[in-house]
Structures are given as structure tokens and as C-alpha cells.
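Biologist: Could you walk me through this model, taking the pieces one at a time?
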Amino acid sequence: MAKSPNTEGYPYSPGLEGVPAGESALCQIDEGEAGLRYRGYAITDLADQATFEEVAFLLLLGKLPTRKELDDFRAQVHAHWALPGPVEAFLGVVPPDAHPMDLLRTGVSLLGMTDPDAAEGSHEANVRKSIRLLAQIPLVIATAYRLAHGRPRVQPQPKLTFAENVLYLLTDQQGTEATRAMARALDVSLILYAEHEFNASTFAARVAASTLTDMHAAASAAIGTLKGPLHGGANTAVMNKLLELGDEDAVEPYVDSALAAGEKIMGFGHRVYKVMDPRALILKGFSQRLGELGEPKWYRMSEVLELAVKAKKGLDCNVDFYSASTYYALGIPPDLYTCLFAISRVSGWTAHVMEQYANNRLIRPRSNWVGPEPRDYVPLERRG
């Protein structure tokens with residue numbers, strides 16, 4: 001790109017890489033001693049000891065809950081599992097081959113129109129909207145998927161945890177020792193995906209919120225952004241590639257050919273991390289353990305791919321890489337992986353929206369001019 005002739009141009013970083021665009025007390029990303037933290041808590045501690053409901057409460061309400069607060073929060077989530085009639089009707093008439101993220105984006109817009117607090121913009125109302133979105137988004141996804149594939153609908157079970165309900169809604173699995181272990185893996189993945197500073201979808205939500213649009217509109221902007229394959233679709237691409245290769249022996253030849261052709265290998269590299277994404281290391285362990293309970297091939301192929309790309313390209317894998325084989329071991333279809341991202345990240349999106357509202361200034365950056373020098377207008381009849 002040509003250098004801006006504007007001699008007073010602003011410092012420019014493509015993709016805003018490394019440019020602070022605001023302040024937040026929600027998530028700290030530090031490749032040094034601090035590591036990745038949600039509201040000061042280390043992600044390793046949260047993944048090891050917390051549940052997703054605790055983390056969602058932390059993000060939305062600013063502190064870890066007491067037992068009673070957690071029980072009340074879970075009861076609120078369960079109370080809002082049902083979908084409004086207009087959303088049910090919409091999901092019943094959409095084309096079966098519609099993209100799941102398009103269904104989710106439109107479904108969230110409809111949820112905004114039918115929300116009991118639609119006309120209310122107070123902080124308390126936005127907390128209630130956030131809790132309803134947390135409950136309703138999994139049901140939108142599961143209902144749409146089941147209808148599209150001719151499967152009977154199921155309802156969330158009050159006795160199940162959030163992660164157990166998501167697993168049940170998407171795969172029908174519940175109640176066994178194996179499914180409890182699978183639900184814990186899903187629970188941890190939801191914790192890991194819940195929040196990650198000013199990523200593309202979160203920043204889109206904050207930009208929308210800075211105009212003082214409503215919570216559901218900001219969430220819809222985030223969902224539309226997450227749909228893009230450079231943000232939310234990487235783990236689907238990773239799993240599809242593993243399925244295409246089918247065997248460990250095919251992995252290294254694929255890496256060699258992809259690198260020789262200059263193709264991007266999905267699941268590697270990160271805009272922020274220059275070392276291995278700490279979330280990837282946690283999910284790698286779950287991928288291995290779940291593989292040992294079922295089909296170990298996908299974990300082994302993933303590890304071969306990880307080592308080959310590291311050796312030949314020097315890139316570390318990111319969180320999306322091992323989430324692919326983890327979700328596949330849970331029986332979740334690859335075309336729903338980005339939707340799982342949304343199920344988790346809505347807690348971070350809505351927390352950011354409320355943080356933006358609390359100290360708002362319209363987000364309106366500038367651009368540096370790289371167009372032509374000033375030109376005179378030529379009347380139509382003289383343009384030859």
C-alpha cells in the first residue's frame with residue numbers, strides 16, 4: 001500500500017495489531033508471569049477447579065459466587081431455557097442447509113425483539129438479558145440442528161449442569177460415568193473460550209455497544225464477526241482436515257505440500273501469543289484422555305501435525321487446534337464447533353458490552369488517506 005501523503009497521518013498498524021483500543025478489567029493476556037487471567041484469576045486455576053457457571057458469574061457480576069449465589073444463578077439460567085414462540089416458529093421454517101451461525105445470528109435478533117426487558121437499558125436489565133442469552137443460545141443451536149437433521153427435540157434437564165445440558169442437547173448423551181467425564185471436558189473448554197480480551201468478535205460487540213445500541217444487537221454483531229473463518233471457524237477446519245487425511249501417515253506429506261504452496265494450516269499461530277497458547281495445552285490433555293476412552297487416532301494425528309508444523313514452520317498451535325479433536329471425541333458435529341464458541345463467549349461479549357456502557361465513548365477511529373492528490377471535477381460532456 002502506498003504511503004499516506006497526509007504528513008500528519010496517524011501511526012498505522014494493519015489489523016490494529018498491538019494497538020490498545022480501550023481499557024478493560026475483564027481479561028489479562030500476558031505471556032510472562034501473569035499469564036491469562038479473568039478478573040485476576042489464572043485460567044489454569046479456573047480450568048482446574050471452577051465450573052463454567054462460576055466463570056460466567058465472575059465475568060458478568062465481577063466476583064466468584066458463594067454457594068447460594070451460584071445456586072441462584074443456575075436457577076436463573078434454567079428458568080430461561082425455553083424459547084419464545086416467534087423464535088420457535090423461525091427455527092421451524094428455515095432451510096435445512098442454512099449456516100448454523102446465520103441461524104444463531106438471526107435467532108439472537110429475534111430474542112432481542114421478544115425479550116421482556118427489550119425496552120429497558122439499565123445495568124440490572126442488561127444483566128438479566130445476559131443471563132437469558134446464556135440460557136437461550138444453546139437451545140437455539142440445538143433446536144435448529146435437530147430440526148435440520150430430523151431428530152426429535154429434547155429439553156434441558158434441571159438436574160444437569162450447564163455443560164451436561166449442552167452435551168445432552170447436541171448429542172443426547174447423559175447419565176453415565178463416561179458422559180460425566182465428557183461433560184467435564186466440555187465444561188473446561190467453555191471456560192477457556194469464555195473471554196479473551198479485545199478479540200475480533202468482542203471488539204465488534206464493543207463498537208456496536210459504543211453507539212448505545214441494545215445488548216442483543218451488540219451480541220448479533222459479535223456473532224456475525226465470529227462466523228468468519230479467520231476467527232471462529234478454525235477448529236472446524238482443523239477437524240475437517242484431519243477427517244480428510246484420515247491417517248497419521250498422511251499428515252507430514254500434507255504439511256510439506258501445504259507449506260510449499262504457501263497455504264495456511266489452520267489452528268496454528270495467534271495474533272497475540274508468540275508462544276504456545278496456554279489454553280491449547282489444557283485442551284491437549286483432554287483430547288488425549290478422551291481419545292484413550294474412545295478413538296485415539298484423532299489425538300495422535302493432531303500431535304503429529306502439531307510437531308510437524310512446529311519443526312518445519314516454527315509455529316505453535318492455538319486453542320482451536322486441540323478443541324477440534326476434543327469436540328469430535330464428544331460426538332459433536334464439526335459444523336457446530338463455531339456455535340460452541342458462541343455458547344461460551346456470550347458470557348464475555350455481554351460482560352464487555354456492560355463494561356462499555358459503564359464508561360462509554362463512541363468508538364470512531366481514523367484512517368490515513370492513501371488515495372489520489374486533489375482533483376478537479378470534469379463535467380460529463382468533457383470526459384471524452
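Modeller: Gladly, and a definition comes first: two strands count as paired if DSSP finds at least two bridges between them. Please keep in mind throughout that this is a predicted model.

Biologist: Okay, so which residue is the bridge partner of Cys 27 in β2?

Modeller: The partner of Cys 27 in β2 is Tyr 38. More broadly, β1 and strand β2, which covers residues 36–38, pair in the antiparallel sense over three bridges.

Biologist: And in what order do the strands of that sheet come?

Modeller: The order is β1-β2-β3, with three strands forming an open sheet whose pairing is antiparallel. The edge strands are β1 (27–29) and β3 (41–42), each of which pairs on one side only.

Biologist: Switching to helices, is α2 largely enclosed or open?

Modeller: Helix α2, which runs over residues 52–61, is largely enclosed by the rest of the structure, because nine of its ten residues are buried; buried here means under 20% relative accessible area. Among the buried residues of α2 are Phe 52, Val 55 and Leu 59.

Biologist: What follows α2?

Modeller: Gly 62 follows α2, and the phi of Gly 62 is positive, near 90 degrees.

Biologist: Now α16: how many residues does it have, and how far does it reach?

Modeller: Helix α16 has 22 residues, 337–358, and from its first C-alpha to its last it reaches 32 Å, close to the 32 Å expected at 1.5 Å a residue.

Biologist: Where is the kink in α16 centred?

Modeller: The kink in α16 is centred on Arg 345 and amounts to about 45 degrees. As for its surroundings, α16 is mostly covered, with 19 of its 22 residues buried.

Methods. Residues numbered from 1 in each chain as written. Predicted model: local features only at pLDDT ≥ 70, side-chain atom pairs only at ≥ 80, totals over all residues. Heavy atoms only, no water. Helix = DSSP H or I, 4+ residues; strand = E, 2+ residues; numbered from the N terminus. Expected span 1.5 Å × (residues − 1). Bend = angle between axes of the 7 residues up to and from the residue. Buried < 20%, exposed > 50% of the residue type's maximum accessible area, 1.4 Å probe, protein only.
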